[in-house]
Amino acid sequence: MKYIRYIVKNDEPLRIADDSTSQNGQTVTLRYIPGTTIRGYIVNQLLYTLGEQFDKYKRDLISGQIVYMNAYLYENNRELLPSPKGFYEDKTVVTGKKEIQNVVINGEFDDGNKRAGLGKFCYFKDQCIYYYNVETGSDMKILINKRKQDDKQNVFRNEYITSGHTFVGYIRVDDEELAKAILEVFQKNIFLGNARSQGLGKCRVLDIKEMPEDFIPYQEYAVTEDAENTCYMMLLSNTAMRDNRGEYVGLDLKYLEEKLGVSNLRIEYCSTSTVNVKGYNHAWGSKIPSIIMYEQGSVFKLKFDGSASLENMLKIMQSGIGVRKSEGFGRVLFLKDYENIRFKMEEKHRAEDFTQESPNGSDMQDLKILASNYYRKEIIKAMQENIISGVNNGNLNNSQIGNVRGLLEANRYDAMHGTEVIKQYFTNAMKREQNTNVQKQKSSIKALKDTILPILDQPLEQTLEMKHFTKIMGISVDELISEEELQRMKIDYILELMKFDNRKGVK
């Protein structure tokens, strides 16, 4: 069983809706990339790249054979943990290090103290927690319900992670061939989360590699020797377990007792919170039952009789505990020197790719996002109006359209490369026809080539016969949508043309 480590940076704002806290009229984003998001991207990409071989690996991709761990903040070449719970502080404002109290040690803290603010992610060093916050922004949208006559307008606020954050995550896989396939699709730019059609979610892969066989994520923070009678366990991800009757529980102490090799296991102190984890099964086309889980960062002081061996603790860290482990849930860490932490200190996130465009850089960034969304909507509207022209396949066989469509779908997230691939395909196809002296109109691929290549080569506004924009809200359109994204929109347009033409041919 090996780990693949990936490091990605969101070049564009990233929104992954947090269903547990979002309310009517407001969508809150998660501050990390969940394993389910990574799994969805990889499965969709392998569906196209593996072709007929996909069925061979389909079960492994969505079963416990592969574990997709959450991706957390990565700062200054350091992998950060979810900030732990259980610390309290007084109400004074201190610049630099500030003393904090750990309630999980003995359940005590000074009167008048409050929960310590520790951001979202952190690292431990020299009795101090150095913590970070994830920077977020939001946009506003108005939905006009045209089915009602009262002209009611609903305002929605959508939160997102601002661009320039770096995340690190892991995929655990035991099949060498499948690991190689994952490494190949997880390259260059990937697109994650919600509102991808509006320009959000573009992430750049900074690094991806296989780790040594004995590697365990976040082991630098873990115990290094056997634990006598006491240990501290922190949840690296949301966690719930089932007891021997199959019912959901927070922690199944009997199971942990057996895995640790101790007796009389109990929770002496803890600091926790819970979250209602929801999900959606696309195969069933319905929501899946929600589960109340302990939230990541929850800490437990475990007491027991005997000694918990280092080997047993590392095995639990390796395998995880509880339900839905393949989706990144149930990751735990047995902490080293946790009881020695006495201070906290805030660290600032550095978004290297963000540059202020005016004295009020935050407002300019929001205006740019608003202008980008407007321009994309204008393009999408023009696409929909032009779809009805379709691709006239009356003189083409289905295999020719199928081959081209498959190549476009497989390369839509690397649009520049995909354009070169499809051009080369047409060049080779035309040569084959000439070499075999194919004369039948039914076999000619020239009509398809003459339809698709102009779309890929000429400006999208020209293809769609839409209004030419030079600036929107005072910002040049060249700054609103990248060449890579425009090329991807061209591919999406061609795919929609093919889908429409295929439906038109169905009687």
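In this predicted model, an open sheet is built from five strands in the order β6-β11-β12-β26-β8, with mixed pairing. The edge positions are taken by β6 (81-82) and β8 (98-99), each with a single partner strand, so one side of each is left without a neighbour in the sheet. Strand β8 runs antiparallel to strand β26 (residues 343-346), and two bridges join them. Glu99 is placed opposite Phe343 of β26. The ring of Phe343 also has a charged residue over its face: Lys97, at 6.0 Å from the ring centre.

Strand β24 (residues 299-308) takes part in two antiparallel pairings. With strand β18 (residues 227-235) β24 shares seven bridges, and Met233 has Phe300 of β24 as its bridge partner. With strand β21 (residues 263-271) β24 shares six bridges; here Ser271 stands opposite Val299. Strands of a sheet pair through backbone hydrogen bonds, in either the parallel or the antiparallel sense.

**Aromatic contacts**

The whole structure contains 16 aromatic pairs. A pair of aromatic rings is described by the distance of the centres and the angle of the planes. Two of the pairs are set out below.

| Pair | Geometry | Centre to centre | Angle between planes |
|---|---|---|---|
| Phe87 and Tyr338 | edge-to-face | 5.7 Å | 75° |
| Tyr123 and Tyr130 | stacked | 5.0 Å | 15° |

Phe87 belongs to strand β7 (residues 87-89) and Tyr338 to the loop between β25 (332-334) and β26, so their pair ties together parts that are 251 residues apart in sequence. Phe87 is buried, with a relative accessible area of 2%. Tyr338 is likewise counted as buried, because its relative accessibility is 0%, and the cut-off for a buried residue is under 20%. In the stacked pair, both Tyr123 and Tyr130 are buried.

Tyr3, Tyr170, Phe215 and Tyr218 make up one aromatic cluster. A ring can also lie beneath a charge, as with Phe343 and Lys97. For Phe191, the charged end of Arg488 sits over the ring, 4.1 Å from its centre.

**Cavities**

How many cavities of 30 Å³ or more does a search of the whole structure find? There are two. Rolling a probe the size of a water molecule over the atoms shows where empty space is left.

The largest cavity holds about 40 Å³ of space. Its lining consists of Met69, Ile216, Pro217, Leu236, Met317, Arg331 and Val332. By class, six of these residues are nonpolar, none is polar and one is charged.

The second largest cavity also has a volume of about 40 Å³. Met69, Asn70, Tyr72, Tyr218, Leu236, Ser237, Gly328 and Arg331 line the second largest cavity. This lining divides into four nonpolar, three polar and one charged residues.

Met69, Leu236 and Arg331 appear in both linings. Tyr218, from the lining of the second largest cavity, is also a member of the aromatic cluster with Tyr3, Tyr170 and Phe215. Val332, from the lining of the largest cavity, lies in β25 (332-334).

Technical notes
Residues are numbered from 1 along each chain as its sequence is written. This is a predicted model: local features need pLDDT of at least 70, side-chain atom pairs count only at pLDDT 80 or more; totals for chains, interfaces and linings use all residues. Side-chain values use heavy atoms; hydrogens and water are left out. Two strands pair if DSSP finds at least two bridges between them. Helices (H or I, at least four residues) and strands (E, at least two) are DSSP runs, numbered from the N terminus. Rings of Phe, Tyr and Trp (its six-membered ring) pair if their centres lie within 6.5 Å; planes under 30 degrees apart count as stacked, over 60 as edge-to-face and the rest as tilted. Buried means under 20% relative accessible area, exposed over 50%, partly exposed in between (1.4 Å probe, protein chains only). A charge sits over a ring if NZ of Lys or CZ of Arg is within 6 Å of the ring centre and within 35 degrees of the ring normal. On a 1 Å grid over the protein atoms alone, a cavity is a set of points where a 1.4 Å probe fits but cannot get out, and a pocket is an open set with protein on both sides within 12 Å along at least five of seven lines; lining residues have an atom within 4 Å of a point. Grid points are joined across faces, edges and corners, and a volume is the space filled by probe spheres set on the points. Ala, Val, Leu, Ile, Met, Phe, Trp, Tyr, Cys and Pro count as nonpolar, Asp, Glu, Lys and Arg as charged, and the others, Gly among them, as polar.
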